[in-house]
Amino acid sequence: MVLTKKMIPNIPEPILNLLREIGEVGGKGTYLVGGAGRGPLLKRSNLDIDIVVETDAMRVAKTMQHRWNGTLEMHPQFGTATVTPANPDLPKIDFVTARCETYETAGALPI
């Protein structure tokens, strides 16, 4: 994930630095998705940060939790985790391992 201020000028520098750090840890196949990527392009504030990792999102989340002295909430059955940095000025980050899923019925948990 290579992000520059020129690419997405409306992301505050502390958040941009946080995203760069995630990219360094996650490497190739690490993506900013959802509102956090879309919001700045539309000049809207959005601190809901979602990261998709093609390899192992749980590993990336654990590493970021240690780096940021934060808390980690893991959901291994879905390959997701949430890291809340110790710094209250930084938002929580949701990590998910890229996957294909199906649903047996509307509102059911994914398979």
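Reader: Which residues of the largest nonpolar core touch the most other members?

Author: The model is a predicted one. Its largest nonpolar core holds 22 residues. Those that touch the most other members are Leu18, Leu19, Ile22, Ile49, Ile51, Ile93 and Phe95.

Reader: Which element supplies the largest share of this core?

Author: Several elements contribute, since α1, β2, α3, β4 and β5 each supply at least two residues of this core. In soluble globular proteins, nonpolar side chains tend to be buried together. The largest share here is 6 residues, and the element that supplies it is α1.

Reader: Which elements cover the buried residues of α1?

Author: The buried residues of this helix are Ile15, Leu16, Leu18, Leu19, Ile22, Gly23, Val25 and Gly26. What covers the buried residues of α1 includes β1 (30–33), β2, α3 and β5.

Reader: What span should the 14 residues of α1 have, and how far apart are its end C-alpha atoms?

Author: At 1.5 Å a residue, α1 should span 20 Å. The distance between its end C-alpha atoms agrees with this expectation, because it is 20 Å.

Reader: Which residue follows α1, and what is its phi?

Author: The residue after α1 is Gly27, and its phi is positive. The value for Gly27 is near 70 degrees.

Reader: What arc do the buried residues of α3 cover around the axis?

Author: Helix α3 comprises residues 57–67, and its buried residues are Ala57, Met58, Val60, Ala61, Met64 and Gln65. They lie on the same side of α3, because the arc that they cover around the axis is only 160 degrees.

Reader: Which elements do the buried residues of α3 pack against?

Author: One helix and several strands are involved. The helix is α1 (13–26). The strands are β2 (49–53), β3 (71–75), β4 (80–84) and β5 (93–97).

Reader: At the start of α3, which residue has a side-chain oxygen that reaches the backbone nitrogen of Met58?

Author: Met58 is one of the buried residues of α3. Its backbone nitrogen has a side-chain oxygen within 3.1 Å, and this oxygen belongs to Asp56.

Reader: Is Thr97 buried or exposed?

Author: Thr97 lies in strand β5. Among the residues that it touches are Val53, Asp56, Met58 and Gly79. A residue is buried when its relative accessible area is under 20%. The value for Thr97 is 17%, so Thr97 counts as buried.

Reader: Which residues of α3 does Phe95 touch?

Author: Phe95 is among the core residues that touch the most other members. Leaving aside residues up to four places away in sequence, its contacts include Ile22, Ile51, Gly79, Thr80, Ala81 and Val83. Those in α3, which spans residues 57–67, are Ala57, Val60, Ala61 and Met64.

Reader: How far apart in sequence are the parts that Glu21 and Arg67 tie together?

Author: The structure holds 3 salt bridges. Glu21 forms one of them with Arg67, and the closest N and O atoms are 3.2 Å apart. Because Glu21 lies in helix α1 and Arg67 in helix α3, the pair ties together parts whose separation in sequence is 46 residues.

Reader: What relative accessibility does each partner of the salt bridge between Glu13 and Arg20 have?

Author: In this pair the closest N and O atoms are 3.4 Å apart. Glu13 counts as partly exposed, at 37%. Arg20 is also partly exposed, and its value is 28%.

Reader: How far apart are the closest N and O atoms of Glu101 and Arg99?

Author: Glu101 counts as partly exposed at 26% relative accessibility, and Arg99 does so at 42%. The two form a salt bridge, in which the closest N and O atoms lie at a distance of 2.5 Å.

Terms used
Residues are numbered from 1 along each chain as its sequence is written. This is a predicted model: local features need pLDDT of at least 70, side-chain atom pairs count only at pLDDT 80 or more; totals for chains, interfaces and linings use all residues. Side-chain values use heavy atoms; hydrogens and water are left out. Buried means under 20% relative accessible area, exposed over 50%, partly exposed in between (1.4 Å probe, protein chains only). Helices (H or I, at least four residues) and strands (E, at least two) are DSSP runs, numbered from the N terminus. The arc is that of the directions from the helix axis to the C-beta atoms. Contact means heavy atoms within 4.5 Å. A polar contact is a pair of N or O atoms within 3.5 Å; within protein, one must be able to donate a hydrogen and the other to accept it, and residues adjacent in sequence count only if both atoms are side-chain atoms. The expected span of a helix is 1.5 Å times one less than its number of residues. A nonpolar core is a set of buried Ala, Val, Leu, Ile, Met, Phe, Trp, Tyr and Cys residues joined through side-chain atoms within 4.5 Å. A salt bridge is a side-chain nitrogen of Lys or Arg within 4 Å of a carboxyl oxygen of Asp or Glu.
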